[in-house]
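Here are a few notes to go with your first look at this model. Have it open while you read, and take the points in order.

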Amino acid sequence: MTIYADNAATTKMSRTAIEAMLPYMDKIYGNPSSLHSVGQKANEALTAAREQVAACLGCDARGITFTSGGSEADNQAILSAARLGQRKGKKHIISTAFEHHAVLHTLNRLEKQGFEITLLDVHENGLITPEQVADAICPDTCLVTVMYANNEIGTIQPIREIGAVCREKGVIFHTDAVQAVGHLHINIREENIDMLSLSAHKFHGPKGVGVLYARKGIPLTNLIEGGAQERGKRAGTENIPAIMGMAAALQEACGKIDSTSAQISALRDKLIAGLSEIPHSVLNGDAVRRLPSNVNFCFEGIEGESLLLLLDDKGVYASSGSACTSGSLDPSHVLLAIGRPHEIAHGSLRLSLSEETTREEVDYMIDAVKDVVSYLRSISPVWRDLVNGKSNFVIQ
Amino acid sequence: MALYSEKVMDHFRNPRNVGVIEDADGIGEVGNAKCGDIMKIYLKIENDIIVDVKFETFGCGSAIASSSMATELIKGKPVSEAMALTNKAVAEALDGLPAHKLHCSVLAEEAIKAALEDYYKKNGLTYDPTLFPNCANCGHCCKADQCGQ
């Protein structure tokens, strides 16, 4: 048996998305910028896809820029708002401590260029409040960027309320909605969002394609110079097959959010309940305000990479915030941001479900994780010291 | 997983010499939980021969495999041979480790040296302290500012 429980990393493409892509590979393969018929057909498809995406997000199609994915969209959103702020002498940006690196590393770069960056505390539950944002905004603030839902621990921020604060204070509000789009009801207009990033492969679309939405009045700064594609804001011949696959996947996902989220969150809660039975374990992130698919635990006394390898042997494909899985020396910045000590953050496990996950698979995963955690603890000197009272448990 | 050689996966999945020796003649523990790796080695030494060795490890796949291989390489050998064990020998016996995992083999070498140093101390034997790891300035396992030792 193999169980794919890493849907926050990427998803399997849906049949609908694949079928939507195929005609644009060998039949309507024209360049949308070409004047001949096959080019113009591709151009019409591009326009239709743009409108389809806009309809799913509740925004104006003219605000949609197709990108290579979420990271590019995040980079362009932040650099555009920063450039706009700089022109007005505003060089302060507010974000959170546990954003995706596409956001954090872009902010680091701006900090080196003289911007002041405020990273809000995300608390132990992985949530910020609109009041924190309101308190942090100053006359120099040119951008607030807060992720819609966290990629590791799945917590969902009060986006509408944060957007309202930003709107009232006249500050641009960007949200990295890569984990949320296709899984939660999102309406850009109603939620006071000025800019939004998304990535197709997180909702059963193809990899290498995404969207940056920017409302009218926010001029984008080019990351890629060249031709006049995407109103001159993103050069390069459009990846039509991928864009068609994305639009189809998004429409499909948005059309069944209520039923899939009810189904998946029931399995999530079953999985959380099962894993909570493991002694000295803790759920990371708020239990209620979290993505339907996300389960993230820390287990004291063990290390995450060995946990993943042994789960892989049992056919369970998962992920961890352990340093050993990241190639760096530090464990997940997200787990550190919610206050988990290093030694605890190393022992983390993320299981992210999809609508294909079954109850039987959840039962199997609970047993598999229990077995592996218990085995790794049996060979861990850290666990021995904890059990013998030579050191104190961090997780009770 | 292609990250590791078959040998590493074998020693990770079926580690040799896991456990504790209650009346050990030498015990060595190196690494730091903050950095994600701790190795503990127990030695039973009779007539200058390592007659038994056990280990416990908190760490990633290569840390567990390195501990297992290192114990295999010194079991039944004279103390002098165990002293001469290098991290390179451990890594080679595992058919190599990824570059960012080489520190695991270093930890294995140091855990054995730490256990031998403990044996020398307990038995009042004279030894050259410069041959043994000093955690205060090792830097192998983690950044110095994270090292609590």
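1. A definition to begin with: the expected span of a helix is 1.5 Å times one less than its number of residues. Try that on helix α14 of chain A, residues 359-378: its 20 residues should span 28 Å, and the end C-alpha atoms are 29 Å apart, which agrees. Do keep in mind that this is a predicted model.

2. Staying with α14(A), which of its residues are buried? The list is Glu361(A), Val362(A), Met365(A), Ile366(A), Ala368(A), Val369(A), Val372(A), Val373(A), Leu376(A) and Arg377(A). When you look at the spacing, it helps to recall that an α-helix has 3.6 residues a turn, so residues three or four places apart point the same way.

3. Now run the check on α8(A). Its 16 residues should span 22 Å, and with the end C-alpha atoms 22 Å apart, the numbers agree. This helix is largely enclosed by the rest of the structure, because 12 of its 16 residues are buried. Buried here means under 20% relative accessible area. The buried stretch takes in Ile240(A), Pro241(A), Ala242(A), Ile243(A), Met244(A), Gly245(A), Met246(A), Ala247(A), Ala248(A), Ala249(A) and Leu250(A), and Ala253(A) is buried as well.

4. Next, the domains. Chain A is assigned domain 1 (15-255) and domain 2 (257-380). Their contact involves 32 residues of domain 1 and 22 residues of domain 2. Taken over C-alpha atoms, the centres of the two domains are 28 Å apart.

5. Have a look at the second largest pocket, with a volume of about 390 Å³. Where does its lining come from? Domain 1 and domain 2 of chain A each give at least three residues, and α8 (240-255) and α9 (257-276) of chain A each supply at least two. In total 29 residues line this pocket, and those nearest its centre are His183(A), His204(A), Ile264(A), Ser354(A) and Glu355(A). Sorted by class, the lining has 15 polar, 9 nonpolar and 5 charged residues.

6. How many cavities of 30 Å³ or more does the structure hold? There is 1, and the volume of this largest cavity is about 40 Å³. Residues of both chains line it: Gly301(A), Ile302(A), Glu303(A), Ser306(A), Leu376(A) and Ser380(A), along with Thr57(B), Phe58(B), Gly59(B) and Ile64(B). Leu376(A) has turned up before, as one of the buried residues of α14(A). The classes come to 5 polar, 4 nonpolar and 1 charged.

7. Two backbone angles deserve a glance. Asn192(A) is not a glycine, yet its phi is positive, about 60°. You'll find Asn192(A) in the loop between β6 (172-176) and β7 (195-199) of chain A. Is Asn192(A) buried or exposed? Its relative accessibility is 17%, so Asn192(A) counts as buried.

8. The other case is Asp48(B), also not a glycine, with a positive phi near 70°. Asp48(B) sits in the loop between β2 (37-46) and β3 (49-58) of chain B. Because its relative accessibility is 42%, Asp48(B) counts as partly exposed.

9. Finally, chain B as a whole. Its secondary structure comprises 5 helices and 3 strands, in the order α-β-β-β-α-α-α-α from the N terminus. Chain B has 149 residues, and 56% of them count as buried. Of the contacts in chain B between residues at least 6 apart in sequence, 61% join residues at least 24 apart.

Technical notes: Residues are numbered from 1 along each chain as its sequence is written. Chains are lettered from A and ligands numbered from 1 in the order in which they are written. This is a predicted model: local features need pLDDT of at least 70, side-chain atom pairs count only at pLDDT 80 or more; totals for chains, interfaces and linings use all residues. Side-chain values use heavy atoms; hydrogens and water are left out. On a 1 Å grid over the protein atoms alone, a cavity is a set of points where a 1.4 Å probe fits but cannot get out, and a pocket is an open set with protein on both sides within 12 Å along at least five of seven lines; lining residues have an atom within 4 Å of a point. Grid points are joined across faces, edges and corners, and a volume is the space filled by probe spheres set on the points. Helices (H or I, at least four residues) and strands (E, at least two) are DSSP runs, numbered from the N terminus. Ala, Val, Leu, Ile, Met, Phe, Trp, Tyr, Cys and Pro count as nonpolar, Asp, Glu, Lys and Arg as charged, and the others, Gly among them, as polar. Domain bounds come from an automatic or database domain assignment. Buried means under 20% relative accessible area, exposed over 50%, partly exposed in between (1.4 Å probe, protein chains only). Contact means heavy atoms within 4.5 Å.
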